[in-house]
Amino acid sequence: MDEVRLLQSSAMGYGNVSWESIRRGLELQPHVIVGQGTSSDPGPAYLGSDELHPYVGRLNRKRDLGLILRAAVEGRIPFIFSGGSPSGSDLHLAGVLEVVNELTRENGWRLRIGVVSGQIDKAWLKAKLRQGVRVPRLADYPGLSPELTESDIDECKVIVAQMGPEPIIEALRQGVDGVITGRAVDVALYMAYPLLHGFDRAVAAHMAKTIECGALCADPPIADNVFAILRRDHFDVFPLSPERRCTVMSVASHAFYERPDIFRELNPGGFLDVSEARYEQVDERTVRVRGAQWVEQPYTVKVEGVQRIGYRTITLAGVRDPALLEHIDYFIETVRRRTREKWEGEVGPFELELMVFGKDAVLGPSEPYSRVTGHEACVLASVVADTQEVATAITAYLRGQLLFADYPGRTSTAGNVAVPFSPGDIPTGPAYVWRIWHALPLDDPLEPFRMRVVDFPCDPSELAWLTGGRRVEGGRIDD
Amino acid sequence: MTRRIRLAEGARIFRSKNAGPFRTTVDIFYTSRDSYLALKNSGALTRKAVADRLRVPAEAVEGIFFSDETLGIKITFAKHPRMASGDMRCADTFGAQQYVALKDWEIEVDDG
């Protein structure tokens, strides 16, 4: 094999996969279609979510996965994607697989799929700690234990780890038509096929890093498919939409994206160093890249876990009166104090937050302006308590304070704020925070990642290993 | 001759995003090499200066990178306590608006 031609497609399920772009990609005879379908960006709540299809919803998911599988079937090529957006937990992976099951049934496709779970068994992880394995945090943040503890593991509802390329390679070796993983390192998905076929790790990793967000590496940068051709010491990359092109600038600058460092990127087993990378425009739309280095490091995977801190209810209140805008800090402090005084001791511990959009809600302490400078503002109140009922009760009381608390110069004795919508209190369900964001050393990159080969379409019972025995079908999960 | 310019002057891209839930990374790409080099060579973009601008401790500013090839500057810093993605005080889950704290920052540059 002289080269690997790789067709990239998002597998997040946003509903924006373009069949037109995929079709153009198929004409170039790709060896494999690859996409990422997990992310921690949307925040901690999804990893805790009991919904089968959170975040993107089942309709978007089914549409996009249908196009990726259609490409694989029509192009007779293997597919590799992570699934269960955004968390990659077993429940959400099961959601992806029940959609795949339905798609294969509806379209008459028969697909043998290697399924690799990214969810970590809590007892296994505790045993690692008891063996003396040290699991340091990956960010110096007060909410994270400096080193992972058993109590962290107990407090987390679900724990996942970002697998490297090795479990995916192992799945590809099982003679499958494709691989669907849970939580995985995005670049690992794109590296797996080239590594299986003996290509250089640095070239594969740099190619993967470049195309993992699709045409965000192109100009203009936008969500769309890209195509990469990987050879022994370099790779070429170009977008599949004719109205976009890759330029040296667009590709080199993508090294910045969502990364803390522009020259070094830590991956399982090493870091990619792109400081000596060279970029060359080989035609109007294609850039050739070479020169990155792979520096071996002890093998670690990132583990992620979320803790439920209670149930959240929110309410919004519009402020238009210049007198209130002038005294907004005093007013907010009054509302906060009165709500605390009323409820502290009445119920269990609760958290209360008031943000003023129009002042410093978005930037917090980094906001250069210290007061409201526009003519209106919005107060967002958020209460987290042990139960939804208590959170909503506190929020309702707080809303009353927003409407009727006094402030200097107040004339609005019939109500201080504009409450949008009815009902004005919005229960948002369980609230989560990140509790585990740590680096777990592994002697064997495969060890914590369970794998099964499943022939689709299948009986739903064949997916129950991901759901604690519960049956998943047609968008529903049995209790 | 010295003059003061905004960090956003001559930038074609000025954006931010989470680099994980606990840190924000700001990317700035300039159109002209002159503006980029003037800012880079000003020596004003230090961890201390960025920290003062963001009102965070100096150790919260984890990295400032200059890329001559792309005319790019990257600044990575820890999020405020209680403002990590998903926290009680989080109003920007993706970190997508945090760059604005730096956009109007006036930097003294030497036009030589």
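**Exercise 1. Find how exposed Glu106(B) is, and describe its salt bridge.**

Step 1. With a relative accessibility of 43%, Glu106(B) counts as partly exposed, a class that lies between buried (under 20% relative accessible area) and exposed (over 50%), for a 1.4 Å probe and protein chains only. The model is a predicted one, in which local features need pLDDT of at least 70 and side-chain atom pairs count only at pLDDT 80 or more, while totals for chains, interfaces and linings use all residues. Residues are numbered from 1 along each chain as its sequence is written, chains are lettered from A and ligands numbered from 1 in the order in which they are written, and side-chain values use heavy atoms, with hydrogens and water left out.

Step 2. Glu106(B) forms a salt bridge with Arg4(B), with 3.4 Å between the closest N and O atoms; the term asks for a side-chain nitrogen of Lys or Arg within 4 Å of a carboxyl oxygen of Asp or Glu.

Step 3. This pair links distant parts of the chain, since Arg4(B) belongs to strand β1 (residues 2–6) of chain B and Glu106(B) to strand β6 (residues 106–110) of chain B, 102 residues apart. Strands (E, at least two residues) and helices (H or I, at least four) are DSSP runs, numbered from the N terminus.

**Exercise 2. Decide whether the partners in the salt bridge of Lys74(B) and Asp27(B) are buried or exposed.**

Step 1. The closest N and O atoms of Lys74(B) and Asp27(B) are 2.7 Å apart in this salt bridge.

Step 2. Lys74(B) is in strand β5 (residues 72–78) of chain B and Asp27(B) in strand β3 (residues 23–30) of chain B, so the pair ties together parts 47 residues apart in sequence.

Step 3. Lys74(B) has a relative accessible area of 0% and is buried, and Asp27(B), at 2% relative accessibility, is buried as well.

**Exercise 3. Explain how Glu20(A) and Arg23(A) are placed along their helix.**

Step 1. The side chains of Glu20(A) and Arg23(A) meet in a salt bridge, 2.6 Å from N to O.

Step 2. Because they are three residues apart in helix α1 of chain A, about one helical turn separates Glu20(A) and Arg23(A). An α-helix has 3.6 residues a turn, so residues three or four places apart point the same way.

Step 3. Glu20(A) is partly exposed at 38% relative accessibility, and Arg23(A) is partly exposed with a relative accessible area of 31%.

**Exercise 4. Check the length of helix α3 (residues 58–75) of chain A and list what its buried residues pack against.**

Step 1. The 18 residues should span 26 Å at 1.5 Å a residue, and the end C-alpha atoms are 25 Å apart, which agrees; the expected span is 1.5 Å times one less than the number of residues.

Step 2. Among the buried residues of α3(A) are Arg61(A), Asp64(A), Leu65(A) and Ile68(A).

Step 3. The buried residues pack against α1 (19–27), β2 (32–35), β3 (79–82), α4 (90–107) and β4 (111–116) of chain A, where contact means heavy atoms within 4.5 Å.

**Exercise 5. Describe the contact between chain B and chain A.**

Step 1. Chain B gives 45 residues to the contact and chain A gives 44 residues.

Step 2. About 3800 Å² is buried between the two chains, and carbon and sulfur atoms give 61% of this area; buried area is the accessible area (1.4 Å probe) that two parts lose on being put together, summed over both.

Step 3. Four salt bridges are counted between chain B and chain A, and Glu258(A) forms a salt bridge with Lys17(B), with the closest N and O atoms 2.4 Å apart.
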